[in-house]
Amino acid sequence: QVQLVESGGGSVQPGGSLRLSCEVSGYIDSGGCMGWFRQAPGKEREGVASIDSRGGRRYADSVLGRFTISKDYAKNMLHLEMNSLRPEDTAMYYCSRGAWCTPFPSGNLYWGQGTQVTVSS
């Protein structure tokens with residue numbers, strides 16, 4: 001059974017930074033797609049960033065240039081470095097693993113429980 005556990009959320013002022021982490025446990029094959037989604041109150045869940053098995057990265061237009069996704073293969077950890085945060089980045093952030101990137105994880109999806117990010121002055 002695959003388990004994903006997020007950490008690193010919190011409250012920050014506009015312009016600040018946060019680093020989210022996702023610990024992955026259980027059986028995972030060498031392929032697949034890892035990524036982050038977010039969901040703000042009253043809005044649909046949206047893809048934020050993904051990284052495929054070859055290290056290819058994709059980002060939502062709204063976070064391009066501000067967020068960086070990375071994977072620590074030795075520790076089975078996924079990270080999301082978030083800089084220049086804006087109030088509109090406020091949301092619950094979810095780590096996800098899927099069979100492929102389209103451009104975010106899809107197919108046989110696994111989800112973490114989420115971590116809250118709040119950007120406010």
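A cavity here is a set of grid points where a 1.4 Å probe fits but cannot get out. With that in mind, let's look at this predicted model, which holds one cavity of 30 Å³ or more. We'll also drop in on Arg38, a residue of strand 4. Strand 4 turns up in both topics, since it is one of the elements that give two or more residues to the lining of the largest cavity.

**The cavity**

- The largest cavity has about 50 Å³ of space inside.
- Eleven residues line the largest cavity, and Gly31, Gly32, Met34, Ser53 and Lys71 are the ones nearest its centre.
- Two elements, strand 4 and strand 5 (46-52), each give two or more residues to that lining.
- Sorted by class, the lining is a mix: four nonpolar residues, four polar ones and three charged ones.

**Arg38: where it sits**

- Look for Arg38 in strand 4, which runs over residues 33-39.
- Arg38 has a relative accessibility of 5%, so it counts as buried, the cut-off being under 20%.

**Arg38: who it touches**

- The side chain of Arg38 has a polar contact of 2.9 Å with the side chain of Tyr93.
- Another polar contact, at 3.4 Å, links the Arg38 side chain to that of Ser62.
- Setting aside neighbours within four places in sequence, Arg38 is in contact with a string of other residues, including Glu44, Arg45, Glu46 and Val48.
- Further along the chain, the contacts of Arg38 include Val63, Phe67, Glu88, Asp89, Ala91 and Met92.

Technical notes
Residues numbered from 1 in each chain as written. Predicted model: local features only at pLDDT ≥ 70, side-chain atom pairs only at ≥ 80, totals over all residues. Heavy atoms only, no water. Helix = DSSP H or I, 4+ residues; strand = E, 2+ residues; numbered from the N terminus. Buried < 20%, exposed > 50% of the residue type's maximum accessible area, 1.4 Å probe, protein only. Polar contact = N/O pair within 3.5 Å; in protein donor to acceptor, adjacent residues only side chain to side chain. Contact = heavy atoms within 4.5 Å. 1 Å grid on protein atoms, 1.4 Å probe; cavity = no way out; pocket = protein on both sides within 12 Å on 5 of 7 lines; lining within 4 Å. Points joined across faces, edges and corners; volume = space filled by probe spheres on them. Nonpolar A, V, L, I, M, F, W, Y, C, P; charged D, E, K, R; others polar.
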